[in-house]
Amino acid sequence: MKTVRKQWLEAISVYQLVLSFLFMGPFFSLLLLFLLFTPLWSFSVLYLVWFFLDWDTPNRGGRRFAFMKTWSMWKQLRDYFPVKLVKTAELPPDRNYVIGGHPHGIMSLGVFTNFTTEMNDFSKHFPGIRLTLAGLSFIFYFPFYRDYTASYGICSVNRRSLDFILSQPQPGQAVVIVIGGAQEALYAIPGTHHLVLRNRKGFVRLALRHGASLVPVYSFGENDVFHLKAFAPGSWQYLCQVAFKKLTGYSPCIFWGRGLFSANSWGLLPFARPITTVVGRPIPVPQILCPTEEEVNHYHMLYMQALETLFEEHKESCGVPASTHLTFI
C-alpha cells in the first residue's frame, strides 16, 4: 500500500506535467507581453533577443540536459499510473532508427515517460541508442515553454529537423515520432484503439532516405487515462476541431480526468490506469534517396503488419480483451 505522502507526491508530479502541457506556453507568452509595459520591460526585450538568436535550436536536436531526464519527480509520475517499458528485441547501436509511437492519446504519457526520461532505464535496455522525441513545431513558438521542452532533447517534427538528427555521423540515432499526431487525439476514447496511420507515410519516406530501421511501439492504456468527448465526423464541432488543427497543428479536445483532492470529482488529474509501452522488433529498411510510391507503400504495409502483430501478441497481457483489434483510420 502507498502511504498518503507517496500518493500526494505522485499526484502533484502528474498534475504539474498536465498544467505545464496545457498552460505553460500561453502563461509565459502573456507574462512576457505584460512585462513590456512595466519597469521590467528589459527582461522581455532580453528574452526576445535570446529567442531570435536561439530560433534554430529545435531544428538541430534540441538542447538536452541529462539531469532533466533523471528528476525524482518523474519517478513519481511513473509510479502514479504506473508506466512500464517492455523490450521485445534488441536495437543494435550500429544503425539508426525511426520509432513510431502509438497511440497519441491526449498527452502521449507513455512515450514521454519512457523516451524522454530515464525512469524505466531505456538507455540500459537499449545501450548506445540516442533518443530524440519529435514534437509539434507549434510548441516552439511559445517563450520559455520552448526552452523547457528543448531541454529534454525534444525537437521539432519537420523534415529539416529529422534529417539533421539522422544525418549525424555517429550511429545509434533514433527519432521518436507519435505518428497519429494531434489528429489521433480526437479518437482517444477509453477502451478503443483507433490509429490515424493509413495515409501517414512521411515517416516511411524519412526512414528510406536514411536507411533507418522502422520500430513500431504501442502504449497499452494510453487512451484510458482521460475521458474524452468525441464528436461525430462531419458534425460542426468536429469540423471546428479539424479547422483549428489545420491552423495551429493542435487539436482542441474536451477531456477530463479526476479531481486533485477527490477521485469522485472532475478535474485535470489523469486517472491512475496502467500504461505499458511495448517496443517492437526493428524492420530493416534500405537507403533509397528518392523512393518510389511503390517502395514507400511496401514498407508502410510492412510497418502496419508489424504493429498489428505487436498489438495482438501483447494485448491480453496488458489487460485488453482478446476480441479487441486495432482500427486503422
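These notebook entries record what I looked up in a predicted model.

**Entry 1. The three-stranded sheet**

I began with the strands towards the later part of the numbering. I found an open sheet of three strands in the order β8-β9-β10, with antiparallel pairing. Strands β8 and β10 stand at the edges with a single partner strand each, so one side of each has no neighbour in the sheet.

I then took the two pairings in turn. Strand β8 covers residues 227–229 and strand β9 covers residues 254–258, and three bridges hold this antiparallel pair. I noted two residue pairs here: His227 stands opposite Trp256 in β9, and Lys229 has Ile254 of β9 as its bridge partner. On the other side, β9 is joined by two bridges to strand β10, residues 266–267, again in the antiparallel sense. In this pairing I recorded Gly257 opposite Gly267 of β10.

As a reminder for reading side-chain directions, I noted that side chains in a regular strand alternate between the two faces of the sheet.

**Entry 2. Peptide bonds and backbone angles**

I next looked up cis peptide bonds. One joins Phe81 and Pro82, with omega at about -5 degrees. I placed Pro82 in the loop between α4 (72–80) and β1 (83–87). Another cis bond joins His102 and Pro103, with omega at about -20 degrees. Pro103 belongs to the loop between β2 (97–102) and α5 (109–115).

Ser108 is also in the loop between β2 and α5. I noted its phi, near 55 degrees, as a positive value in a residue other than glycine. Is Ser108 buried or exposed? Its relative accessibility is 8%, and Ser108 therefore counts as buried.

I recorded a positive phi for Phe144 as well, near 70 degrees, again in a residue other than glycine. Phe144 is located in the loop between β3 (130–135) and α7 (145–150). I entered Phe144 as partly exposed because its relative accessibility is 32%.

**Entry 3. Aromatic pairs**

How many aromatic pairs does the structure hold? I recorded 25 aromatic pairs. I examined two of them, using the usual description: a pair of aromatic rings is given by the distance of the centres and the angle of the planes.

The pair of Phe67 and Trp71 is tilted, at 6.3 Å centre to centre with 45 degrees between the planes. Phe67 counts as partly exposed because its relative accessibility is 47%. Trp71, at 31% relative accessibility, also counts as partly exposed.

The pair of Phe112 and Tyr152 is edge-to-face, at 5.8 Å centre to centre with 65 degrees between the planes. Phe112 is in helix α5 and Tyr152 is in the loop between α7 and β4 (155–156), so this pair ties together parts 40 residues apart in sequence. I then checked the accessibility of both partners. Phe112 counts as buried at 12% relative accessibility, and Tyr152 is buried with a relative accessible area of 3%.

**Entry 4. An aromatic cluster and charges over rings**

I then turned from pairs to a cluster. Phe27, Phe28, Tyr47, Phe51, Trp55, Tyr141 and Phe144 form one aromatic cluster. One of its members, Phe144, is the residue with the positive phi noted above.

Phe51, another member of the cluster, has a charged neighbour: Arg146 lies over the face of Phe51, at 4.8 Å from the ring centre. I found a further contact of this kind at Phe126. The charged end of Lys87 sits over the ring of Phe126, 5.2 Å from the ring centre.

**Entry 5. A nonpolar surface patch**

My last search concerned the surface. Which residues form a nonpolar patch there? They are Leu33, Leu36, Phe37, Trp41, Val45, Leu48, Val49, Phe52 and Leu53, and together they have about 970 Å² of accessible area. Helix α2, residues 41–53, supplies the largest share of the patch with six residues.

I looked more closely at Val49, which is part of helix α2. Val49 counts as partly exposed because its relative accessibility is 44%. A patch residue needs over 30% relative accessible area, and the value of 44% for Val49 lies in that range.

Methods: Residues numbered from 1 in each chain as written. Predicted model: local features only at pLDDT ≥ 70, side-chain atom pairs only at ≥ 80, totals over all residues. Heavy atoms only, no water. Patch = residues over 30% accessible without salt bridge, like charges linked within 9 Å, V, L, I, M, F, W, Y side chains within 5 Å. Areas by Shrake-Rupley, 256 points an atom, 1.4 Å probe, with all protein chains shown as cover. Salt bridge = Lys/Arg side-chain N within 4 Å of Asp/Glu carboxyl O. Helix = DSSP H or I, 4+ residues; strand = E, 2+ residues; numbered from the N terminus. Buried < 20%, exposed > 50% of the residue type's maximum accessible area, 1.4 Å probe, protein only. Pairing = 2+ DSSP bridges. Phe/Tyr/Trp six-rings, centres within 6.5 Å; stacked < 30°, edge-to-face > 60°. Lys NZ or Arg CZ within 6 Å of the ring centre and 35° of its normal.
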